[in-house]
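Welcome to the tour. Please open your viewer, show the side chains, and keep the selection tool at hand.

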Amino acid sequence: QRDHVQFVSELREECEKKRYGLFVKFIDDHKAEMECEMEQVFKSEQEYSDYMDERDKEKEKEVIKNITPEIEMNMIVKLYNKKQISLENAASNLNMTVPEFEELLKKQRKSA
């Protein structure tokens with residue numbers, strides 16, 4: 001989470017380094033108001049991020065719910081072939097034993 005007080009402080013320091021005297025004076029004169037505004041901005045950003053995360057999770061659930069067994073099998077085989085999941089995990093995700101999954105791989109290779 002971003003800190004609104006630290007943000008205003010860092011903004012002032014940056015203005016001071018660049019010798020923006022009017023901005024430094026403005027920040028000094030309106031520090032409390034700026035911190036309050038930045039708090040609202042950061043809160044809004046977090047709420048939006050949380051909303052998007054939740055929306056993405058819901059979409060993911062919908063996609064998974066509508067996935068066909070064939071597509072699921074192909075996705076898991078691809079993940080296994082790219083070494084992103086283990087042989088055991090691949091078999092488990094397809095409710096297969098390791099030997100059954102290995103047999104599936106052999107069949108796919110023959111048909112390719």
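Is D29 buried, partly exposed or exposed, and what is its relative accessible area? Select D29 and show its surface: D29 is partly exposed, with a relative accessible area of 45%. Bear in mind as you go that this is a predicted model.

**Stop 1: helix 2**

Keep D29 selected and add K25. Their side chains meet in a salt bridge, with N and O 2.8 Å apart. Both residues sit in helix 2, which covers residues 21–29, and because they are 4 residues apart there, about one helical turn separates them. K25 is partly exposed as well, at a relative accessible area of 49%.

Now click on F26, another residue of helix 2. F26 has a relative accessibility of 45% and so counts as partly exposed. For a sense of scale, draw a distance from the C-alpha atom of F26 to that of K61: the two are 49 Å apart in space, with their positions 35 residues apart along the chain.

**Stop 2: the other salt bridges**

How many salt bridges does a search of the whole structure find? The search returns 5, and the pair D29 and K25 is one you have already met.

Next, select K18 and E14. Here the side chains form a salt bridge with an N to O distance of 3.8 Å. K18 is partly exposed at 47% relative accessible area, and E14 is partly exposed at 35%.

Then move along the chain to D56 and R55. These two form a salt bridge whose closest N and O atoms lie 3.4 Å apart. D56 has a relative accessible area of 39% and is partly exposed; R55, at 31%, is partly exposed too. To finish this stop, select R12, E16 and D28 together: salt bridges with shared partners link these residues into one network.

**Stop 3: a charge without a salt bridge**

Go to E35, in helix 3, which runs over residues 31–66. What is the nearest side chain of opposite charge to E35, and how far away is it? It is K31, at 4.0 Å. E35 is buried, yet it has no salt bridge. Show the surroundings of E35 while hiding its neighbours within four places in sequence, and you will find H4, V5 and V8 in contact with it.

**Stop 4: helix 4 against helix 6**

Colour helix 4 (residues 69–81) and helix 6 (residues 98–111). At what angle do helix 4 and helix 6 pack? The angle is about 95°, and the axes are 12 Å apart. Helix 4 is therefore roughly perpendicular to helix 6.

To see the contact itself, show these side chains:

- from helix 4: M73, N74, I76, V77, Y80 and N81
- from helix 6: F101, L104, L105, Q108 and R109

Colour the contact by residue class and you will get 7 nonpolar, 3 polar and 1 charged residues.

Stay on helix 6 and centre the view on F101. Is F101 buried or exposed? With 0% relative accessibility, F101 counts as buried. Leaving out residues up to four places away in sequence, F101 touches I76, V77, Y80, L87, A90, A91, L94 and M96. Before moving on, draw one more C-alpha distance, from F101 to E16: these residues are 85 apart along the chain and 65 Å apart in space.

**Stop 5: two loops with positive phi**

Now turn to the backbone. Select K83, which lies in the loop between helix 4 and helix 5 (87–93). Its phi is near 60°, a positive value in a residue other than glycine. K83 is exposed, with a relative accessible area of 74%.

For the last selection, take N95 in the loop between helix 5 and helix 6. What is the phi of N95 near? The value is near 55°, which is positive, in a residue other than glycine. N95 is exposed, with a relative accessible area of 72%.

Technical notes: Residues are numbered from 1 along each chain as its sequence is written. This is a predicted model: local features need pLDDT of at least 70, side-chain atom pairs count only at pLDDT 80 or more; totals for chains, interfaces and linings use all residues. Side-chain values use heavy atoms; hydrogens and water are left out. Buried means under 20% relative accessible area, exposed over 50%, partly exposed in between (1.4 Å probe, protein chains only). Lys and Arg count as positive and Asp and Glu as negative; His and the chain ends are not counted. Contact means heavy atoms within 4.5 Å. Axes are lines fitted to C-alpha atoms, for helices over the stretch in contact, and angles run from 0 to 180 degrees between N-to-C directions. Angles under 35 degrees count as roughly parallel, over 145 as roughly antiparallel, 65 to 115 as roughly perpendicular and the rest as oblique. Ala, Val, Leu, Ile, Met, Phe, Trp, Tyr, Cys and Pro count as nonpolar, Asp, Glu, Lys and Arg as charged, and the others, Gly among them, as polar.
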